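Me: I would like to go through this model by asking what lies behind each label. Please set the values against the cut-offs as we go.

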Amino acid sequence: MAANSDVQEEDDYMSNCFLESAPPAPKVDPRQELPGWKRKARLEEKHFKLQQSQKKGKLMEKTREEGLATPISSSNKGFAMLVKMGFKVGEGLGKDGSGRQEPVPIHVKQGKQGLGKERAKKEQEEAKKRVHVARLAQKERATQRSAADFRARKRLEFIEKQAERDLPPSQRACEQLDLTAGIQSNELWYKLPPPEVDLRYGIPEESKSTVEKPESEFDQLETSEKLKIVTNYLRRVHAYCHWCGSAFKSDDDLATNCPGDDWESHQ
């Protein structure tokens, strides 16, 4: 009985146990199984067929062009039928001769793609080109706008800095000329900036009037606008040009001998 049990415990060599335990067979490229001379022969045969196909295509194209270039002879049955119906060489079809004079041209389809595929592909390429050109033009316009904006911004910054340098002396000149003319007060005169106050220690009594005093409409303007108002006031009231640094005899003298009413005109 023990012998029979040992026999029953052994795996059957016909079962799947041996197949499952066996390692998988390595994958081999079918081309590598062929001998070298046979692979070379197949490549040469493939290359020869390709050359023959190209030669055949060129020969067919040449024959077709020669045939199309040769006019239809009078022995052609179709030509004879046209002549019987009144057709004359050099004239067009129809009663009044305004129809077609040459045969309908043919277009040989190349490749194995469906009809209309080449035209659709060409239209897609043209659409891509138009989109590409439009994007380049848009990018160029954006670059030009950026450059123009940058130049305009830099110019405004320069004008503001120049105005910050020119405003205080023009206000002092305005104050001096007004006092000479008997004008005792003018909001265009130069004002000292308010002192800095450390709020941790409170506001001193002598600084309260300066700190609590609200700004006038003139003080709220940009520096360039303030300079324009002051210089125009000097020219209109005192015939004085800040950039020339002198007072003129009259308005006509100012208009004749002064280059202009801004900094750029005096450069």
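Me: Where does A239 lie, and what makes its backbone worth a remark?
Reply: In this predicted model, A239 lies in the loop between α8 and β1, just after α8. Its phi is positive, about 50 degrees, although A239 is not a glycine. Most residues other than glycine have a negative phi.

Me: Why is A239 called buried or exposed?
Reply: The relative accessibility of A239 is 8%, and buried means under 20%, so A239 counts as buried.

Me: What is known of α8, and how do you know how its span relates to the expected one?
Reply: Helix α8 covers residues 223-238, which is 16 residues, and reaches 22 Å from its first C-alpha to its last. The expected span is 1.5 Å times one less than the number of residues, and for α8 this expectation is 22 Å, to which the computed reach is close.

Me: Which residues of α8 are buried, and what do they pack against?
Reply: The buried residues of α8 are T223, K226, L227, V230, T231, Y233, L234, R235 and H238. They pack against α6 (117-180), the two strands β1 (240-241) and β2 (246-247), and α9 (251-257).

Me: What makes up the largest nonpolar core, and which elements give two or more residues to it?
Reply: Twelve residues make up this core, namely A163, L167, A173, C174, L188, W189, F218, L227, V230, Y233, L234 and Y240. The elements that give two or more residues to the core are α6 and α8. The label of nonpolar core asks for buried residues of nonpolar kinds, joined through side-chain atoms within 4.5 Å. In soluble globular proteins, nonpolar side chains tend to be buried together.

Me: Which residues is A173 in contact with, leaving aside its neighbours within four places in sequence?
Reply: With those neighbours left aside, A173 is in contact with L234 and Y240, where contact means heavy atoms within 4.5 Å.

Me: Where is Q162 found, and how do you know whether Q162 is buried or exposed?
Reply: Q162 is found in helix α6. Its relative accessible area is 10%, and the limit for buried is under 20%, so Q162 is buried. Q162 and L227 are 65 residues apart in sequence, while their C-alpha atoms are 9.8 Å apart in space.

Me: Why is the pair E45 and K49 called a salt bridge?
Reply: The closest N and O atoms of E45 and K49 are 3.6 Å apart, and the limit for a salt bridge is 4 Å, so the pair meets the definition. Both residues lie in helix α4 (residues 36-69), four residues apart, about one turn of the helix. An α-helix has 3.6 residues a turn, so residues three or four places apart point the same way. E45, at 44% relative accessibility, counts as partly exposed, whereas K49, at 53%, counts as exposed, because exposed means over 50%.

Me: How many salt bridges are found in the whole structure, and what parts does the pair E264 and R155 tie together?
Reply: A search of the whole structure finds four salt bridges. The side chains of E264 and R155 meet in one of them, at 3.0 Å from N to O. E264 lies in the segment after α9 and R155 in helix α6, so this pair ties together parts that are 109 residues apart in sequence. Both are partly exposed, E264 at 42% relative accessibility and R155 with a relative accessible area of 43%.

Me: How do you know that D219 and K191 form a salt bridge, and where do they lie?
Reply: Their closest N and O atoms are 3.9 Å apart, which is within the 4 Å limit. D219 lies in the loop between α7 (205-212) and α8, and K191 in the loop between α6 and α7, so the pair ties together parts that are 28 residues apart in sequence. D219 is partly exposed at 24% relative accessible area, and K191 is partly exposed at 41%.

Me: What makes M81 exposed, and which surface patch does M81 help to form?
Reply: M81, whose place is in helix α5 (residues 77-84), has a relative accessible area of 54%; exposed means over 50%, so M81 is exposed. M81, L82, M85 and L93 form a nonpolar patch on the surface, with about 410 Å² of accessible area together.

How values were computed. Residues are numbered from 1 along each chain as its sequence is written. This is a predicted model: local features need pLDDT of at least 70, side-chain atom pairs count only at pLDDT 80 or more; totals for chains, interfaces and linings use all residues. Side-chain values use heavy atoms; hydrogens and water are left out. Patches are made of residues with over 30% relative accessible area and no salt bridge: like charges are joined within 9 Å, nonpolar side chains (Val, Leu, Ile, Met, Phe, Trp, Tyr) within 5 Å. Accessible areas come from the Shrake-Rupley method with a 1.4 Å probe; for residues, only the protein chains shown count as cover. Buried means under 20% relative accessible area, exposed over 50%, partly exposed in between (1.4 Å probe, protein chains only).
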